[in-house]
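Let's take a friendly walk through a protein model together. Keep the picture open beside the text and look up each residue as we come to it.

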Amino acid sequence: MAEHTSSSITIEAAPTDVMAVIADFARYPEWTGEVKEAEVLATDAQGRAEKVRLLLDAGAIKDDHTLAYTWTGTDEVSWTLDKSQMLRQLDGSYRLTAVDGGKRTEVTYQLTVDVKIPMLGMIKRKAEKVIIDRALAGLKKRVETV
């Protein structure tokens with residue numbers, strides 16, 4: 001069983017503002033260093049993405065893959081790998097927690113990556129940590145400057 005990597009950051013914005021940026025896949029290439037292209041392939045009845053194709057370049061991990069998204073209320077989104085060229089597993093989630101009466105948001109990002117080619121666990125965990133840290137920093141910067 002693959003291990004997951006998790007990290008959190010506090011953003012100076014309401015959870016709804018943070019989730020709006022997370023849900024705006026078309027803009028991912030503007031604030032995530034690893035996502036070079038993002039295309040929503042299917043949406044649910046509420047207009048939220050259900051399937052998204054992403055072109056990822058995270059150094060050791062490069063892939064063109066599709067993720068299936070599940071939205072839990074207004075404060076959590078999770079995803080699982082639908083199809084991929086290089087990855088066996090890419091499961092993750094963003095969980096938002098209101099802080100200071102909803103003026104700030106703690107964002108917890110959890111990620112599990114498994115590749116089809118042999119890769120040392122240490123290198124894989126480092127790649128997961130880099131992806132998470134860059135995504136959280138990019139998300140914070142994007143939300144706080146919009």
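Searching the whole of this predicted model turns up eight aromatic pairs. In one of them, tryptophan 79 and tyrosine 109 have ring centres 5.7 Å apart and planes at 70°, so this pair is edge-to-face. An angle over 60 degrees is what earns that label. Tryptophan 79 sits in strand E5 (residues 76–84) and tyrosine 109 in strand E7, so the pair ties together parts that are 30 residues apart in sequence. Are these two residues buried or exposed? Both tryptophan 79 and tyrosine 109 are buried.

The two rings also belong to a wider group. One aromatic cluster is formed by Phe25, Tyr28, Trp31, Tyr69, Trp71, Trp79, Tyr94 and Tyr109. Keep some of these names in mind, as they will return below.

**The cavity**

Rolling a probe the size of a water molecule over the atoms shows where empty space is left. How many cavities of 30 Å³ or more does the structure hold? There is one, and the space in this largest cavity comes to about 240 Å³.

Its lining is made of 18 residues. Nearest the centre lie Val35, Leu54, Trp79, Tyr109 and Ile131, so both members of our edge-to-face pair appear here again. Sorted by class, the lining has 15 nonpolar residues, two polar residues and one charged residue.

Which parts of the chain supply at least two residues of this lining each? They are strand E3 (49–58), strand E4 (61–72), strand E6 (87–99), strand E7 (104–115) and helix H3 (121–145). Strand E4 gives the most, with three residues.

**The chain as a whole**

Now step back from the cavity. The protein chain has three helices and seven strands. Reading along the sequence, you meet them in the pattern β-α-α-β-β-β-β-β-β-α. Of the chain's 146 residues, 41% count as buried. If you take contacts between residues at least 6 apart in sequence, 48% of them join residues at least 24 apart. On the outside, the chain exposes about 7700 Å², and carbon and sulfur atoms supply 50% of that area.

**Some residues to look up**

The table lists a few residues with their places and accessibilities.

| Residue | Place | Relative accessibility |
|---|---|---|
| Serine 7 | strand E1 (residues 5–11) | 16%, buried |
| Threonine 32 | loop between helix H2 (28–31) and strand E2 (35–43) | 8%, buried |
| Valine 35 | strand E2 | 10%, buried |
| Valine 52 | strand E3 | 0%, buried |
| Aspartate 100 | loop between E6 and E7 | 47%, partly exposed |

Why does serine 7 count as buried? The limit for buried is under 20% relative accessible area, and serine 7 has 16%, so it falls on the buried side. Leaving aside neighbours within four places in sequence, serine 7 is in contact with Val107, Thr108, Tyr109, Lys129, Ile132, Asp133 and Leu136. Tyr109, a member of the aromatic cluster, is thus among the contacts of serine 7.

Valine 35, which we met near the cavity centre, has contacts of its own. Beyond its neighbours within four places in sequence, valine 35 touches Tyr28, Pro29, Leu54, Leu55 and Leu56. Its C-alpha is 9.8 Å from that of aspartate 64, though the two residues are 29 apart in sequence.

Valine 52 is in contact with Phe25, Glu39, Val40, Leu41, His65, Thr66, Leu67 and Tyr69, again setting aside neighbours within four places. Between valine 52 and tryptophan 79 there are 9.8 Å in space, C-alpha to C-alpha, and 27 residues in sequence.

Threonine 32 offers another example of sequence and space. Along the chain, threonine 32 and arginine 134 are 102 residues apart, while 6.8 Å separates their C-alpha atoms.

Finally, take a look at the backbone of aspartate 100. Most residues other than glycine have a negative phi. What is the phi of aspartate 100? The angle is near 55°, a positive value in a residue other than glycine.

Conventions. Residues are numbered from 1 along each chain as its sequence is written. This is a predicted model: local features need pLDDT of at least 70, side-chain atom pairs count only at pLDDT 80 or more; totals for chains, interfaces and linings use all residues. Side-chain values use heavy atoms; hydrogens and water are left out. On a 1 Å grid over the protein atoms alone, a cavity is a set of points where a 1.4 Å probe fits but cannot get out, and a pocket is an open set with protein on both sides within 12 Å along at least five of seven lines; lining residues have an atom within 4 Å of a point. Grid points are joined across faces, edges and corners, and a volume is the space filled by probe spheres set on the points. Helices (H or I, at least four residues) and strands (E, at least two) are DSSP runs, numbered from the N terminus. Ala, Val, Leu, Ile, Met, Phe, Trp, Tyr, Cys and Pro count as nonpolar, Asp, Glu, Lys and Arg as charged, and the others, Gly among them, as polar. Buried means under 20% relative accessible area, exposed over 50%, partly exposed in between (1.4 Å probe, protein chains only). Contact means heavy atoms within 4.5 Å. Rings of Phe, Tyr and Trp (its six-membered ring) pair if their centres lie within 6.5 Å; planes under 30 degrees apart count as stacked, over 60 as edge-to-face and the rest as tilted. Accessible areas come from the Shrake-Rupley method with a 1.4 Å probe; for residues, only the protein chains shown count as cover.
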